[in-house]
Amino acid sequence: MKYLVTGGAGFIGSHLVEKLLSSGDKVICLDNFSTGERGNLKDFGGSSFKLIEKDVTQPLSIAEKIDVVYHLASPASPPDYFKLPVETLMAGSLGTYNALNLALENKAVFFLSSTSEIYGDPSISPQNEDLCGYVNPIWPRSVYEVSKRFAESITMTYNRKYGLKTRIVRIFNTYGPNMRIEDGRSIPNFIKLALQGKDLKIYGDGNQTRSFCYIDDVVEAFVKLPRIEYSQPVNIGNPEEISIFDLAKTVVKLTGSKSTITFHRPLDNDPKIRKPDISRAKKILEWEPTVGLKQGLEKTVESFKRKIGPL
């Protein structure tokens, strides 16, 4: 099999590339390194791996025949898409359009990496794939939410109009090695601050909840879905829910840090809950996460120690 992975130098993309290569497949990685890191690709080489440094919003033409197009390219953390709002919108719109046309040209399976952010601040918990969600299209956070909503819409349009084989996953909070130190999301941010002996900042009262899924589990689902015939969105995440305050306490304990936890003004439009209903993934993929939060955090902390150094 030959795969194209847009955003392949990013956190999830680099783990996916590694998984595909380990199975003996050929992988083309396309990335403009706006948020991806070259260090994530340092162990990949040989005839099975090819890197194309390019922005996915530019027209795509690949000489080789592609079997599956994985479209992951997009800024994905709030600090990134606040800094790169237009680029985020374009990656989800024009970038998805270009990747879809490449898949159509190759008669390939098109795989869209979408997000739980499309649910906005959800009215029910856990969230299932039938939930339309609530998103304000003019708030700053919407550049990511709306770009992914558009990406899902055009993906399903290509499925219906052209018969393109499409797959959509809605990822809930994912973590693990290869996350950038300055990623800005809660787990990498808490680990970084704890290892530096600095205060862990919580915005709000800390009772807002998230569900964190370890990267190996997410990649396993990514590999399984293109192999089956199913075009509707599928939630991929870990239903194990934890408050942000409890997460911060856990990170302090695991790192052995003397950091304190401080509370600050809530962020605007910060969702109060985030928990996936993974019934569909269990049924059609026979998939569910296997790595618990403590185990995953221990592995992530060790990876950050190699980057930052221990306390």
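The following exercises, each with a worked solution, concern a predicted model of a protein.

**Exercise 1.** Work out whether the length of helix α1 agrees with the span expected from its number of residues.

*Solution.* Begin with the extent of the helix, since α1 covers residues 11–22 and therefore has twelve residues. The expected span is 1.5 Å times one less than the number of residues, which for α1 should give 16 Å. Finally, compare this with the model, where the end C-alpha atoms of α1 are 17 Å apart, so the two values agree.

**Exercise 2.** Decide whether α1 is mostly covered or mostly open, and find what follows the helix.

*Solution.* Take a residue as buried when its relative accessible area is under 20%. By this cut-off nine of the twelve residues of α1 are buried, and the helix is mostly covered; among the buried residues are F11, I12, L16 and L20. After α1 comes G24, which has a positive phi, near 90°.

**Exercise 3.** Describe the largest nonpolar core and the surroundings of F222.

*Solution.* The largest nonpolar core contains 59 residues, and L16, Y70, F222, I236 and L247 are those with the most contacts inside it. Leaving aside residues up to four places away in sequence, F222 touches I12, L16, Y70, L72, F111, S113, V169 and I171. Another core, of 23 residues, lies apart from the largest one and includes I52, I62, I66 and A108.

**Exercise 4.** Judge how compact the protein is for its length.

*Solution.* The protein has nine helices and 13 strands. Its radius of gyration is 19 Å, close to the 19 Å that the globule rule gives for 311 residues, so the protein is as compact as a globular protein of that length.

How values were computed. Residues are numbered from 1 along each chain as its sequence is written. This is a predicted model: local features need pLDDT of at least 70, side-chain atom pairs count only at pLDDT 80 or more; totals for chains, interfaces and linings use all residues. Side-chain values use heavy atoms; hydrogens and water are left out. A nonpolar core is a set of buried Ala, Val, Leu, Ile, Met, Phe, Trp, Tyr and Cys residues joined through side-chain atoms within 4.5 Å. Buried means under 20% relative accessible area, exposed over 50%, partly exposed in between (1.4 Å probe, protein chains only). Contact means heavy atoms within 4.5 Å. Helices (H or I, at least four residues) and strands (E, at least two) are DSSP runs, numbered from the N terminus. The radius of gyration is taken over C-alpha atoms; the globule rule is 2.2 Å times the number of residues to the power 0.38.
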